[in-house]
Amino acid sequence: QVQLVESGGGLAQVGGSLRLSCAASGRAFSSYSMGWFRQAPGKEREFVAGVRRSGGNMYYVDSVKGRCTISRDNAKKTVYLTMNSLKPEDTAVYYCAAAVHCWGTNYVSRIVDEYDYWGQGPQVTVSS
């Protein structure tokens, strides 16, 4: 079992920054990849960013490239999503997710169904 507890959501202004954190408990954190997803009202949940279990390779959806950074601290069992130059279209519920079934591999999925555990999803609202 893996539990994911997120923090850091809230209200931000256009052009501002936010950092989301996701603390994991349970099975060896450094053994599986992590991802961040988001879901805006009326839309499907979409991949935002993913990071390999070692933290050495990161992947992003095109709409956030250059503005967002995913990172992880395996000693703290925490993954982060730093978002800069925020836009109104970044408004969504953000979820961190763990791909535990990819245990021991370097595979980073962009597919919702390939993640096994999810955080509670803090709201991020970007206003002008």
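Over the ring of which residue does the charged end of R45 sit? In this predicted model, in which local features need pLDDT of at least 70, side-chain atom pairs count only at pLDDT 80 or more, and totals for chains, interfaces and linings use all residues, the charged end of R45 sits over the ring of Y95, 3.7 Å from its centre. Residues are numbered from 1 along each chain as its sequence is written, and side-chain values use heavy atoms, with hydrogens and water left out. A charge is said to sit over a ring if NZ of Lys or CZ of Arg is within 6 Å of the ring centre and within 35 degrees of the ring normal. A second case is given by R72, which lies over the face of F29 at 4.3 Å from the ring centre.

Y95 also belongs to an aromatic cluster, which it forms together with F37, F47, Y115 and W118. The structure holds seven aromatic pairs, where rings of Phe, Tyr and Trp (its six-membered ring) pair if their centres lie within 6.5 Å, and where planes under 30 degrees apart count as stacked, over 60 as edge-to-face and the rest as tilted. One of these pairs is formed by F37 and F47, which meet edge-to-face at 5.7 Å centre to centre, with 80° between the planes. Because F37 lies in strand β4 (residues 33–39) and F47 in strand β5 (residues 46–51), this pair ties together parts that are ten residues apart in sequence. Strands, for their part, are DSSP runs (E, at least two residues), numbered from the N terminus. Both F37 and F47 are buried, a word that stands for under 20% relative accessible area, while exposed means over 50% and partly exposed in between (1.4 Å probe, protein chains only).

The strands that carry F37 and F47 are also partners in a sheet: five bridges join β4 to β5, which run antiparallel, and strands are taken to pair if DSSP finds at least two bridges between them. The two strands form a hairpin with six residues between them, and G42 in the turn has a positive phi of about 80°. On its other pairing, β5 meets strand β6 (residues 58–60) in the antiparallel sense over three bridges, with Y59 in β6 as the bridge partner of G50. β5 and β6 likewise form a hairpin with six residues between them, in which G55 in the turn has a positive phi of about 90°. Five of the six residues of β5 are buried, so this strand is largely enclosed by the rest of the structure.

Within the pairing of β4 and β5, E46 is the bridge partner of R38, and the side chains of these residues also meet in a salt bridge (2.6 Å, N to O). A salt bridge is here a side-chain nitrogen of Lys or Arg within 4 Å of a carboxyl oxygen of Asp or Glu, and the structure holds four of them. E46 is partly exposed at 31% relative accessibility, whereas R38 is buried, with a relative accessible area of 6%. R38 forms a further salt bridge with D90, the closest N and O atoms being 2.9 Å apart. Since R38 lies in strand β4 and D90 in the loop between β8 (78–83) and β9 (92–99), this pair ties together parts that are 52 residues apart in sequence. D90 is itself buried, with a relative accessible area of 1%. R38, E46, R67 and D90 are linked in a network of salt bridges. Elsewhere, D62 forms a salt bridge with K65, the closest N and O atoms lying 3.1 Å apart, and D62 counts as exposed at 61% relative accessibility.

The largest nonpolar core has 31 residues, and those with the most contacts inside it are M34, W36, V79, L81 and M83; such a core is a set of buried Ala, Val, Leu, Ile, Met, Phe, Trp, Tyr and Cys residues joined through side-chain atoms within 4.5 Å. Apart from this core lies another, of seven residues, among them F47, A97, C102 and Y115. In β8, five of the six residues are buried. This strand pairs with β3 in the antiparallel sense over six bridges, and six bridges also join β7 to β8, which run antiparallel. In β8, V79 is the bridge partner of R72.

Notes. Helices (H or I, at least four residues) and strands (E, at least two) are DSSP runs, numbered from the N terminus.
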